[in-house]
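Hi everyone, thanks for making time. I'd like to walk you through a structure that is new to most of us, so get comfortable and have a look at the screen.

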Amino acid sequence: MDATENIVRLPIYSLPTQPLQQQLYDPYRDTGVPLIIDNGATTLRWGFATSSTPFSGQNAIAKYKERKTNKPLLLFGEGIDTESGARSQARAPWEGDVLLNFDALENALDYAFIQLGIDTPTINHPVFMTERIATPLHSRALTSELMFELYSVPSLTFCTDGLASFYQNHRPQPGTPFTSDGLVLSFNTASTSVIPILNGKGILSHAKRIPWGAAHASDYLLKLIQLKYPNFPSKIGIPQTNWMLQSVCEFAPDYPAKLRELQDPIKLKASERIVQFPFALPVQDEKSEEELARAAERRREQGRKLQEIAAKNRMEKLAQKETDLQYLLDLREARSTDSKREWASKLQSEGFDSDTALDDTIKKLELYVKKARKKEAGEADEPMEEPSFPLIDTPDADLDEEQLKDKKKQKLIKAGWEARMRARKEKEREREEKEREEKREEEERLADLEGWASHLRHQQQALMSKIKARSRRKAALTDRKSAAAQARMKNIANLAADDNKAPKKKRKTGGEDMFGADDADWQIYRKISITAPSSDEEDDITQLQVIENKLLAHDPTFTDQNTHAFLTTQRSALLSAFRPTYEEGDIEGHTRIHLSVERWRVPETYFSPNMAGIDSAGIDESIQNIFNRFSESEKARLVKNIFLTGTPSQLPGIIPRLHNSLRPILDPDIPIQIVRAADPSLDAWKGMASFSQTPEAATAGVTRAEYDEYGPERIKRWWGGNWNGSV
Amino acid sequence: MPPKGGFKKKVAPSDGTVTPHVPSLAEQFSYLHNPRPFKNPNYTKNINRRAKNLKTVLGQDRERDRAERERRKQEILETQPGFNVEDFYEVPTYALIESPPYLMPQRHFCDITGLEAPYTDPATGLRYHDKSVYAAIQSLSPSTVKEYLSARGVNSIVK
C-alpha cells in the first residue's frame, strides 16, 4: 500500500565548518606553473595546473555588516550560509549567462588567491581562465583588465569550458596535434551550448546557445511544486529543488509515450517519488492507563467535594431562613399581646414599615423554605396540578375591591395556563402524527424494502440534481453571455417595463395591476436574484441528510460512498494519484512532496523550452539546425562523437533521449555515439590544466605586452578560444 | 621576497583594539582582513564601466557587431566587387549564436498534471487532460489560474 521505498528524504543541510584553509605557496613560488581558473556561473574552481583536482566553491560573495558586533564581513561561497543575514547580500559575478558583476569577481578571485597562499606582489603565473562561448566583449575587457592591471599576471588565456572538457577526454599523444572531431553539448547554469568540433577546432560560427540551463530547470520545478503544494508548511527554495532535480528527475527516452503510460492512475502512483521534508512531531506526553484513571478519580473527587460544599451552603442558608421565619412568626404572635404603640415601635426596630410588609416577608420566607425543603427531599415540583381559580366564577358584584384585583390576576393566570396546556397537546399530537408516519414508513419498508429504498433514492437523486442545478446556474450567472444571465436580464427588463406601464394602464383601462394576485408571481424576484436563496439550499441539504440517514440505516446497498457529501468531495483517481492528500494532523504526510509527472516533465524542457514559456529551439532542434550547415560526411564525423559535459549532463536518461531524437533526422547508416565526460563537473578545469602544460599553450595566450598594445578585448585565435575579438 | 609564513594568520592584526570575544562562525569565515599583497595598489577600477547592466552590455555588443560587419563589407567590396559578402564574414557574437525559435510541432500538455492535453478551457485558457482535471480547474481562483499560465510563459494581458 504505502510504497516506502519511494520515499526520499531531503538531506538536512548543515553549516560549513571549515573556514578558509590557506595553502603553502612555497612549492609554486617562482615556478611559473600555470594557474587555472574555471569561472563557472555556479561554481568557481581554481588551482595550479600540476594539482590533480582544483579547489572549488560556490561562485558568490557577500559583504555584510554583522549586527551584533558591527563588524564588516566578507564571505565567499558556502561561507555565506554561516550568517543568515548575509544570504540576501550575496552577489554572484554572473548575471544569467553573462559575466557582469566585476566587484564580485574581484572578491571571489581574491579569495582564490588568498586560499592558494600567494604572498608575492604580483600573480606571477600564466593564467588560464574559462570564458562563455561568444562572450560579450565587455565581459572579456573587464576580466582582462582585472587580471593584467590588478593582479599583474604575465599572460592570460581564455578558453571555452566545453572545449576544454572535450580536450581532457580526447587528449592527443604528446607531440601530436589535437585533431578529434565531435559535437560538444555543454550544460551550464543558465544556458546549454552545442559546439561542433572538426579536426580539433571548435567551429564557433556554427555553435548554438540554448537559453535554458540548470537554473531554469530548477526554477521551473520550483514553480510546479509551488502550484501543486500552495500551502506547503516548509520552505521550498532553489537549493531544495536543485537537490530534487538531481536526485529524482530523469529524461524519458520517449516523452509522449511516458505521458501516455502515466495516464493510468495506478502507473502514475507507482512512478512517483515522495520527497520527505524534515518535520517535527508535536510533543505529546504519553500518559499511562493508571495515570489517566488517577486523574479521572481526582476530578470526580473534586466534583463531589464541590457538590458537598454547595449542599452544605444550601443547608446553612435554609437553616438561617428557617430561624428568620421562626423569629418573625414569634414576632407576629406578639402582635396580639402587645399594645398598639409597643407593637409599632417593635415593628419599626425590626425594619418593617407596616403589618403588610411583615406579612409579605413571612410569606416569601415560607415559600422559600417550602421550596427548598421539597428540593432537599428530591421531589420534582409538579406544575401539572391545575391551580385553582376560586374567584373567577364569582360575579363581580359579590366581590370587594381587593378580591376584584385578585380575580383579574387569576383570570390572566388561567389564560396562560390554558395556552400552555393547548401547546402541549398540540405537541403531543404532532409527535403522535410523526410516530404514525414513521410506523407507516417502517411498515412500507418492511413490506417492500427495495421499493422503499428506490423511492428514497429517487428523492435523493432529485435533491442532488436540484443542488447541482443551482450551483450550475450560479456559475452560469458569472458569465454575462450565458443563457442564464441573458434570461435574467430579460426578466429584469420585463419587470422594469411593467412598473412603467402600470399607472398608464390603470388610467386608461381602469384595470388593476394583477401582479401578486397569484403567489407564484413573487417567484420572479427569486429568479432574478443572483445570490441564490440560501434558505432553500439549507432546507434541501437538511432534507437530503434525513433521507441519506434513513438509507444508511436500512438499505444495505447504500453506503457512505453514495452520500452527497462523498460524491461532491470525491476527487478523481487521476488527481488523487497525482497529488495524494493526507489526513488532517498527519504532519509527516503534510511535509511530503509527491513528484510523478514532474520527474520527466522538468528535464524534458531541455528539448522543448517552450513548455516553460521560452520560445527557443531545444537541444535536438538546435543540433538539427547546426547539421544543416555541414556536409553529410562532416555530419557523420560529428555524430560519431557526441560529447556531454557540465554538471547538469549527469541527469539520468539523457543519452537514450538524445539518441531517440537524433536517429530520425540522420541517415540510417550513420552511426551515432553519445558519451559523457569522465567527470562532467571538473573536466573543463582539468582540460585547461592539461593543455596549459603543452608547448602549444604558450601561443594561445595574450601577454602583458600584447595587452598593453592591443587592448583588453583582443585574444588569439586557437582551437579552444572564442572567435569574437580574436586574430 | 616577503617573509615566509607571514600571512598565515586568520585575522590580520588590524588596529590592536581587538576585544577578547569568541569570533562567530561567520567571522571565522570572513576573509575581509586577509592581506592581499598580490594586488596592484595603484590600480583604480573604473566604476562607470563596471556599473553597466545586462541590457546595455548586450546592446553594445550587437551594435559593435553590426558596425564591424558593415566595415568589413565595404572593405571587401572595394577589393573584390561583386563578392557575396554575407557568407564570408562570420564572427559568432553572443546574440548571433542564440538558438532560433522553437519550430517543431507544438505539443500541448495539461497545465495541472503535465499529461497530454487534448482540451483547452475557453474561460481560463488552461489546457487540461480530462474532465476530472477540468473539474479541478473550475475551482481555481483567478490568481491561481494566472500562476499556472505564467508557468507556461503565458502572461495574460489585462483588457
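**A walk through chains A and B**

Let's begin with a record. UniProt, in an unreviewed entry, places the feature "domain: Vps72/YL1 C-terminal" at residues 108-137 of chain B. Before going on, keep in mind that what you see is a predicted model. In that model, the span 108-137 of chain B is 23% helix and 13% strand, and its end C-alpha atoms lie 16 Å apart.

Okay, so how do the two chains meet? How many residues does each chain bring to the contact? Chain A gives 77 residues and chain B gives 55 residues. On the chain B side, helices H1 (25-29), H2 (47-50), H3 (54-79), H4 (131-138) and H5 (142-151) each supply at least two of the residues that touch chain A. If you sort that side of chain B by character, you get 30 nonpolar residues, 11 polar ones and 14 charged ones.

Now over to chain A, and let's talk sheets. There is an open sheet of six strands with mixed pairing, and the order is E4-E3-E2-E10-E11-E20. Which strands stand at the edges? Those are strand E4 (55-58) and strand E20 (702-703) of chain A; each has a single partner strand, so one side of each is left without a neighbour in the sheet.

Zooming in on that sheet, strand E2 (residues 35-39) and strand E3 (residues 43-48) of chain A are antiparallel and share five bridges. For one residue pair to find on screen, take Asp38(A), whose bridge partner in E3(A) is Arg45(A). E3(A) also runs antiparallel to E4(A), with four bridges joining them. These two strands, E3(A) and E4(A), make a hairpin with six residues between them. There, Thr43(A) stands opposite Gln58(A) of E4(A).

A couple of helices lie across this sheet. Helix H2 (residues 137-150) of chain A lies across strands E10 (127-131) and E11 (155-160), running at about 145° to E11(A). Then there's helix H23 (residues 683-692) of chain A, which lies across E2, E3, E10 and E11 and runs at about 150° to E2(A).

Chain A has another open sheet to show you, this one with three strands in the order E6-E5-E7 and antiparallel pairing. Why do E6 and E7 of chain A each have a side without a neighbour? Strand E6 (72-76) and strand E7 (90-91) are at the edges with a single partner strand each, so one side of each stays without a neighbour in the sheet. Strand E5 (residues 61-65) of chain A pairs with E6(A) over five bridges in the antiparallel sense, and Ala62(A) has Leu75(A) as its bridge partner in E6(A).

Last stop: domains and a helix pair. The domain assignment splits out domain 1 (292-381), domain 2 (397-430) and domain 3 (449-495 + 516-558) in chain A. The C-alpha centres of domains 1 and 2 of chain A lie 30 Å apart.

Also in chain A, helix H8 (residues 289-337) packs on helix H10 (residues 355-377) at an angle of about 145°, with the axes 10 Å apart. Their crossing, H8(A) with H10(A), is left-handed. Among the contact residues are Leu318(A), Leu325(A) and Arg332(A) from H8(A), and Leu358(A), Tyr368(A) and Ala372(A) from H10(A). The contact of H8(A) with H10(A) divides into 10 nonpolar residues, one polar and five charged.

That's my tour, thanks for listening!

Methods
Residues numbered from 1 in each chain as written. Chains lettered and ligands numbered in written order. Predicted model: local features only at pLDDT ≥ 70, side-chain atom pairs only at ≥ 80, totals over all residues. Contact = placed C-beta atoms within 7 Å. Nonpolar A, V, L, I, M, F, W, Y, C, P; charged D, E, K, R; others polar. UniProt positions renumbered as here; feature names shortened; annotations may be inferred. Pairing = 2+ DSSP bridges. Axes fitted to C-alpha atoms, helices over the stretch in contact; angles between N-to-C directions. Domains from an automatic or database assignment. Left-handed = near helix turned anticlockwise from the far one by under 90°.
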